[in-house]
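Here's a quick walk through how this chain is put together. Have the structure open while you read.

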Amino acid sequence: QVQLVESGGGLVQPGGSLRLSCAASGLTFTVYTMSWYRQAPGKERELVAEITSVGDNANYADSVKGRFTISRDNTKTTVFLQMNSLKPEDTAVYYCKARNRYNFRTYWGQGTQVTVSS
């Protein structure tokens, strides 16, 4: 059974930092492209960052470029999202997604809440 378990969310002041983790199990992690999405209240879910299966390339939403960094540790089957210089508009539920690079099978985590507020 595939599981994606996010952690690391919480309440942080503007300008602060958080590091999200997504631990994957039940899949061959090295063939999955990993992504972080977020969904704010009343808004559609949007892609935040994506990293290739071997970690050699990453893409970011314009709104987070230069502030967020996605990385992965294939030995620990975990993907991370380092978020710096957080803004109130970063407040959302953050979801981890895994997509098989060959058959495009997709799995989602349950999400972790990030709230940026003073």
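## Strands E2, E11 and E9

Strand E2 (residues 10-12) runs parallel to E11, and 3 bridges join the two. To find the register, look at Gly-10, whose bridge partner in E11 is Val-114. Keep in mind that this is a predicted model.

E11 also pairs with E9, this time in the antiparallel sense and again over 3 bridges. Here Tyr-94 has Thr-112 in E11 as its bridge partner. Thr-112 belongs to the covered face of E11, along with Val-114 and Val-116. Gln-113 and Thr-115 make up the uncovered face of E11.

## The open sheet

Next up is an open sheet of 4 strands, in the order E1-E3-E8-E7, with antiparallel pairing. E1 (3-7) and E7 are the edge strands; each has a single partner strand, so one side of each has no neighbour in the sheet. From one strand to the next, the twist averages 15°.

Going through the pairings, E1 and E3 run antiparallel and are joined by 5 bridges, with Ser-7 standing opposite Ser-21 in E3. On the other edge, E7 and E8 run antiparallel with 6 bridges between them, and Arg-72 has Val-79 in E8 as its bridge partner.

Which side chains of E1 are buried? Leu-4 and Glu-6 are, and they point to one face of the strand. Gln-3, Val-5 and Ser-7 point to the other face and are not buried.

## The nonpolar core

The largest nonpolar core has 30 residues, and the members that touch the most others are Met-34, Trp-36, Leu-81, Met-83 and Tyr-94. The elements giving two or more residues to this core are strands E3 (18-25), E4 (32-39), E5 (46-51), E7 (68-73), E8 (78-83), E9 (92-100) and E11 (112-116).

Leu-81 is a handy residue to click on. Setting aside neighbours within four places in sequence, Leu-81 is in contact with Leu-18, Arg-19 and Leu-20, with Trp-36, with Val-48 and Ala-49, with Phe-68, Thr-69 and Ile-70, and with Tyr-94. Trp-36 and Tyr-94 are also on the list of residues that touch the most other core members.

## Salt bridges

How many salt bridges does a search of the whole structure find? The count is 4. As general background, side chains of opposite charge can pair when their charged atoms come close.

Arg-38 is a good place to start. Its side chain meets that of Glu-46 in a salt bridge, at 2.7 Å from N to O. Arg-38 is buried, with a relative accessible area of 6%, whereas Glu-46 counts as partly exposed at 34% relative accessibility.

Arg-38 also forms a salt bridge with Asp-90, where the closest N and O atoms are 2.9 Å apart. Arg-38 lies in strand E4 and Asp-90 in the loop between E8 and E9, so this pair ties together parts that are 52 residues apart in sequence. Asp-90 counts as buried, at 0% relative accessibility. Shared partners link salt bridges into one network of Arg-38, Glu-46, Arg-67 and Asp-90.

Lys-65 and Asp-62 form a salt bridge too, with their closest N and O atoms 3.1 Å apart. Is Asp-62 buried or exposed? At 65% relative accessibility, Asp-62 counts as exposed.

Notes: Residues are numbered from 1 along each chain as its sequence is written. This is a predicted model: local features need pLDDT of at least 70, side-chain atom pairs count only at pLDDT 80 or more; totals for chains, interfaces and linings use all residues. Side-chain values use heavy atoms; hydrogens and water are left out. A nonpolar core is a set of buried Ala, Val, Leu, Ile, Met, Phe, Trp, Tyr and Cys residues joined through side-chain atoms within 4.5 Å. Buried means under 20% relative accessible area, exposed over 50%, partly exposed in between (1.4 Å probe, protein chains only). Contact means heavy atoms within 4.5 Å. Two strands pair if DSSP finds at least two bridges between them. Axes are lines fitted to C-alpha atoms, for helices over the stretch in contact, and angles run from 0 to 180 degrees between N-to-C directions.
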